[in-house]
Structures are given as C-alpha cells and as structure tokens.
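Hello,

Here is the structure I promised to pass on to you. Please have it open while you read, as my notes follow below.

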Amino acid sequence: MKQHLQHIHPLAWTIIIGTMFGRLVTSMSIPFLSIYLTQVLGASPTQTGFTVAVSSLAGVMISFYGGYISDVIGRKIVMLVSVFGWACVFFGFSAAQHLWVFFLVNTLNGICRAVFEPTSRALLSDITPPEHKLLVFNLRYAAVNLGVVFGPIIGLQLGSAKSTFPFLIAGIVYIAYGLVLFAQFRVHHSTLPQRSEVHAPKLRAALATAGRDRVFLPVLLGTIFCVLGYGHFSSTLAQYLAMNTHFTDGGKVFSYMLSLNAVTVLVVQYPIVRTASKFSPIVPLILGNICVAVSMLLFGIAGGVALLMTGVILFTIGEVLLFTMMDMLIDRIAKPEWKGTYFGTIGFNGLGGVMAPILGGMLLDQFGAANGPAVFVPLALTTALGLPFLVTAHRRFKARELAESVIVKPSSVKMG
C-alpha cells in the first residue's frame, strides 16, 4: 500500500486533502440549512425544500458545461475560478438574513460545486496511472467522509442550526484551498499532462455522444433515482426530525446521524470496494439503490434512535455501493479526450437532488412529521424506480465488454 501511495501525484494529494477540509467545513453548515430556515427564519417545509433544491437544480444545469469547459480551456483555470468563487458564496451565506438571499446564494453554491467537482475528478483521472485510479478515487471519497465525521459535531457546537457563523469559516478554508491549488499548479506545471492539440468536441456533439452511449444513458437515468433517495437524508430527514415532537432534540439526533454516516463509510468502504471491484461496476449501483430504498422505510417506521441508527448504517452501505464505483465506471466508459464531458454529464443525475427536498417538503406539508410511513414509503418507492434502468445498463455493459473481447482476441492472435 505504501508503495502505491508514493506513486500518487502531489497535485492529486492536494485535491484529496483539500476535499477533506472542504467537506469538513461544509458539513458544519450546509446540512443544517434546512433546520435553520424552518426554525429561525420561519420558512415552511415547502419553501425550505425549494430553497435547498435550487442548489442541485443549478448544479444540474451547469455540471455538463463545467466538465466540458475544462476539456476545452483546461482544468487549471476552471478549478481556480470556481474554488475562489465558492469561497465568496460561503461569505454570502454568512451575511444572509432573508430567505430570498439564501435562495440566491444557494443557487451560486450549486453552480460552483457543479463546475469544480467534475473538473477536479477529471484532473485526478488525467494525472493518475490506470493501475492507481481505483485507489485515488477511493482516497478522495474517504477524504469526503473523514471531513464529514467531525463537521456535523463541530457545527452542532457552533450552533449551525441557529447561526450562519460556520459559513464564514467555510469561506476562509476555501480561500486557503484555492491558494494551495494555485501554488501547486505553478510548481508541478511541467509534470502535468499537456492538453491534446486535437480540438475538443463541440458542445452539441459532446452531449449527443454521451446521450447516445447505450450504457451511459441508462446509468444516468437510474442514478437520478439513486440520488433522489440519497438527497432525502440531508433535506427531508433533517426537517422530519426537527419537526417531530417524538424526538426531544431532532437537530442533535440528526448531527449524530451525520457523523455515524461518515464513520460507517470509513469502516465499510475498503471491504465493500474490494469486494465490489470483482464484479461489473453496475452491480454495486443496483445493490446500493436497494439499500437506500429500504433505509427510507426504516426512517419512516422508526420509533426510537436505535432504528434510526440502523437505517443510517444501511443507508451508508448503499451510499458506498453507489458512489465509490461511480468514478471508475465513468472512467471506463469515457474516451480519454471526453472525460471531463462525461464526468460533467453524469452531474445530470443531480435532478434527483433537485426533486428530493421538494418532494419531501410537500409530503411533510401534506402529512406532517407525526406520520412517518406516509412520508417515507413514497420516498422508498420512488428511489426503487432506478432499478429497471440500472439492470438494463448492466446487461448492455456486459454485452459491450463481450463484444470488445471478441474484437481484441483476433487482433492479438495476428500480432503474435
């Protein structure tokens, strides 16, 4: 393992460590936003749902362009502009006092995330040898969750559910992250892969190519419903616990659930990834969808903390299955010159994140937090709608690999 770690590019380490600190400070603040809006600003669950959802909506509309632009003008410019812009967004959150300001700033938050994230993942793919890519992608995912282990607990102590001060800390950290990235780009400029002289595809052609990919398209459609289920954890569930009089301090319970989620990721990630890597990369997505859907049912019927925490563990196993293999799957499907485009296009599955807080908010308004099954059974069923698409993608992926192996074998015989 130590020998493998030594082969990771210094800029990749910067992204991995920066991701850890970035998620630490964002998990101190963003997950508590829905609680803050309902309890401090007095917004209704539906108003809160739309305000939280706008971040994902902006991300969906922009993510493709973010990845595509990084293919055209290069990763460096896109990453630096977006990371400093992101810092300004967090300063905006810290100063906001009205619902419409939160709506506006959260829109910008979604744009910055949708530009920075696919570009940073495409850069990781660019600078990492094929034999180390699974390690690097999973180190990045572990870094995300290492940050989220401590972020919610720190946020709880700082009063994130009642104050916007933690957003100020997030802005400062992202400024520091941007400065370190800038320095690293300068120091390691000569070791970075040079952009190909071949012109990047035109936007319409790139989108059409991704859309015609018979494996990628059902993966995208299926993961929309996966992300829909995943999105309820930080939106619908947070509001449900805060509003439910059965739980004495819902915000506190939710912060512990966030931390348990992150700890569980760190514990189960390595054995799950090691096992899942032996199968087709779409199989983990299918199993992950099932786990998340069942966890929604557990949240709905939970009468105490024990069953809630059981639901968190099952949800987290589903999360790991869904997201640890996603980057490797996209890396295997995409052509080298279009990786940014593919990593950006998969961001369209963020439509699920748009729908989650809106659907959850409407169900909470309709049935109230006292009727858990009426809220969470529909959420579980809509999550499971992704299964037919993922099963279709799995069949097509296996057929493609079989066809490619048939093509390769005769050519290898001739070369011999």
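Please keep in mind that this is a predicted model. I will begin with a pair of helices: α7 (residues 133–157) and α15 (residues 326–333) have axes that come within 9 Å and cross at roughly 140 degrees. Angles over 145 degrees count as roughly antiparallel, and the α7 and α15 pair is therefore classed as oblique. The crossing of α7 past α15 is right-handed. On the α7 side, K133, L134, F137 and R140 take part, and they meet D327, M328 and D331 of α15. Sorted by class, the residues of this α7 and α15 contact are three nonpolar and four charged, with no polar ones.

Next come two pairs that share α6.

The first is α5 (residues 75–95) with α6: their axes come within 8 Å, and the crossing angle is roughly 150 degrees. With that angle, α5 and α6 are therefore roughly antiparallel. The handedness of the α5 and α6 crossing is left. If you sort the residues of the contact between α5 and α6, you get 15 nonpolar, seven polar and four charged.

The second is α2 with α6, where the axes come within 9 Å and cross at roughly 150 degrees. α2 and α6 are therefore roughly antiparallel too, and α2 passes α6 in a left-handed crossing. From α2, the residues in this contact are L11, A12, I15 and R23, while α6 brings E117, S120, L123, L124 and I127. By class, the contact of α2 with α6 holds six nonpolar residues, one polar and two charged.

Now to the empty space, which you may want to look at yourself. How many cavities of 30 Å³ or more does the structure hold? There are two. My notes here are about the second largest cavity, which has about 80 Å³ of space.

Its lining is made up of G18, T19, G22, R23, W86, F116, E117, S120, R140, Y174 and Y177. Which helices each supply at least two residues of that lining? They are α2 (10–26), α6 (99–127) and α8 (165–187). Of the contributors, α2 gives the most, with four residues. In terms of class, the lining of the second largest cavity has four nonpolar, four polar and three charged residues.

A few residues link these parts of the picture. R23 of α2, together with E117 and S120 of α6, belongs to the α2 and α6 contact, and R23, E117 and S120 are also among the lining residues of the second largest cavity. R140 of α7 is one of the residues that meet α15, and R140 also appears in the cavity lining.

Have a look when you get a moment, and let me know what you think.

Best wishes

Methods. Residues are numbered from 1 along each chain as its sequence is written. This is a predicted model: local features need pLDDT of at least 70, side-chain atom pairs count only at pLDDT 80 or more; totals for chains, interfaces and linings use all residues. Side-chain values use heavy atoms; hydrogens and water are left out. On a 1 Å grid over the protein atoms alone, a cavity is a set of points where a 1.4 Å probe fits but cannot get out, and a pocket is an open set with protein on both sides within 12 Å along at least five of seven lines; lining residues have an atom within 4 Å of a point. Grid points are joined across faces, edges and corners, and a volume is the space filled by probe spheres set on the points. Ala, Val, Leu, Ile, Met, Phe, Trp, Tyr, Cys and Pro count as nonpolar, Asp, Glu, Lys and Arg as charged, and the others, Gly among them, as polar. Axes are lines fitted to C-alpha atoms, for helices over the stretch in contact, and angles run from 0 to 180 degrees between N-to-C directions. Angles under 35 degrees count as roughly parallel, over 145 as roughly antiparallel, 65 to 115 as roughly perpendicular and the rest as oblique. A crossing is left-handed if the near helix is turned anticlockwise from the far one by less than a right angle, and right-handed if clockwise. Contact means heavy atoms within 4.5 Å.
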